[in-house]
Amino acid sequence: MRYILYILVLPLSLFLSCSKTSEHTAPAIHDRDSVSMMVSYGVNTLVSDSGVIKYRIVSECWDVNTVKEPSRWTFLKGIFVEQFDEKFNVQLYVQADTAWYYDKKKLWELRGRVSVRNVEGLIFRSEELFWDGILHELYSHKPSIVITPERVLSGTYFRSDERMTRYTISNSVGSFVQNTAENDTTTNTQNVTTQDSVETIQKRQVASPKAATAR
């Protein structure tokens, strides 16, 4: 009789042990951990700072993520920005292939084909530009070129005020246009080309061992 009970109980215990499964769980994934707060397409909008309209932004895609550290706006498909003064006059035009704006730091990071133009006709080109809204400065650690009606300068480091009226270029080379009473002449000739070969300007090189600073 004992053997019969053992034979009946053993299969039942084996069945119960095999039917019992262990659960493998992972931490819950919340949407706020990775999903942006806002994604907009075909953007053409005005942006204010401290209650004053400061920028007009045009972009194909605008991604706002307040969860990432630091929080940021992302423009992976290019951006065009107009900067206004207190009277809503345009002071600066900015264009780049890719851009990030770190809203808590008030810092723009522009990459790719970066181009800036101020109201006085100065043109800046580089593959990188940082725009600090707290210090009101622009700077780049990449080779840069600055074009004005009077001269062309290029160097490996650039820093200027927010309106690009006072700027410094380190390790610079450039050329200057000399105006005479009889006629306008350009002294010397050399090709000065931006990194992306957008244009070549025929000028002569004037090497400077120190940083060139415009006032």
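E128 has a relative accessible area of 5%, so it counts as buried (under 20% is buried, over 50% exposed, in between partly exposed; 1.4 Å probe, protein chains only). Keep that residue in mind for Exercise 1.

Before you start: this is a predicted model, in which local features need pLDDT of at least 70 and side-chain atom pairs count only at pLDDT 80 or more, while totals for chains, interfaces and linings use all residues. Residues are numbered from 1 along each chain as its sequence is written, and side-chain values use heavy atoms, with hydrogens and water left out.

**Exercise 1. Work out which residues are joined to E128 in one salt-bridge network.**

Step 1. Look for the partner of E128. Its side chain meets that of R111 in a salt bridge, 2.7 Å from N to O (the rule: a side-chain nitrogen of Lys or Arg within 4 Å of a carboxyl oxygen of Asp or Glu).

Step 2. Place the two on the chain. E128 sits in strand β8 (residues 123-132) and R111 in strand β7 (residues 107-118), so the bridge ties together parts 17 residues apart in sequence. Strands here are DSSP runs of E, at least two residues long, and helices are runs of H or I, at least four; both are numbered from the N terminus.

Step 3. See what else R111 holds. E109 also forms a salt bridge with R111, at 3.0 Å from N to O.

Step 4. Check burial. E109 is buried at 14% relative accessible area, whereas R111 is partly exposed at 25%.

Step 5. Put it together. With E128 and R111 paired at 2.7 Å, the shared partners make one network of E109, R111 and E128. As background, side chains of opposite charge can pair when their charged atoms come close.

**Exercise 2. Find the salt-bridge partner of E82 and say which strands the pair links.**

Step 1. Count first: the rule gives five salt bridges.

Step 2. E82 pairs with R56, and their closest N and O atoms are 2.9 Å apart. The two lie 26 residues apart, with E82 in strand β4 (residues 79-84) and R56 in strand β2 (residues 52-65).

Step 3. Compare their cover. E82 is buried at 12%; R56, at 23%, is partly exposed.

**Exercise 3. Follow the contacts of K54 and Q83; is each of them buried or exposed?**

Step 1. K54 belongs to strand β2, and its 17% relative accessibility makes it buried.

Step 2. Skip residues up to four places away in sequence, and K54 touches V47, S48, D49, E82, Q83 and F84 (contact means heavy atoms within 4.5 Å).

Step 3. Now turn to Q83, in strand β4. Q83 is buried too, with 3%. Leaving out residues up to four places away, its contacts include K54, Y55, W131 and E162.

Step 4. For a backbone check, take Q83 and I53: they are 30 residues apart along the chain, and their C-alpha atoms are 9.0 Å apart.

**Exercise 4. Which residues touch the most other members of the largest nonpolar core?**

Step 1. That core has 30 residues, and I57, I79, W108 and L110 touch the most other members. Core members are buried Ala, Val, Leu, Ile, Met, Phe, Trp, Tyr and Cys joined through side-chain atoms within 4.5 Å.

Step 2. Zoom in on W108. Beyond its neighbours within four places, its contacts include Y55, I57, I79, A99, L129 and W131.

Step 3. Set this against the whole chain: buried residues make up 35% of the 215 residues.

**Exercise 5. Decide where the model's confidence is low.**

Step 1. Get the overall view: mean pLDDT (the predictor's confidence in each residue, from 0 to 100) is 76, and 65% of residues reach 70 or more.

Step 2. Go to residues 2-10. Here pLDDT stays under 50, and the model has one contact beyond four places in sequence.

Step 3. Then check residues 180-212. The pLDDT is below 50 there as well, but the model gives this stretch 65 contacts beyond near neighbours in sequence.

Step 4. Recall what the full chain holds: one helix and 19 strands.
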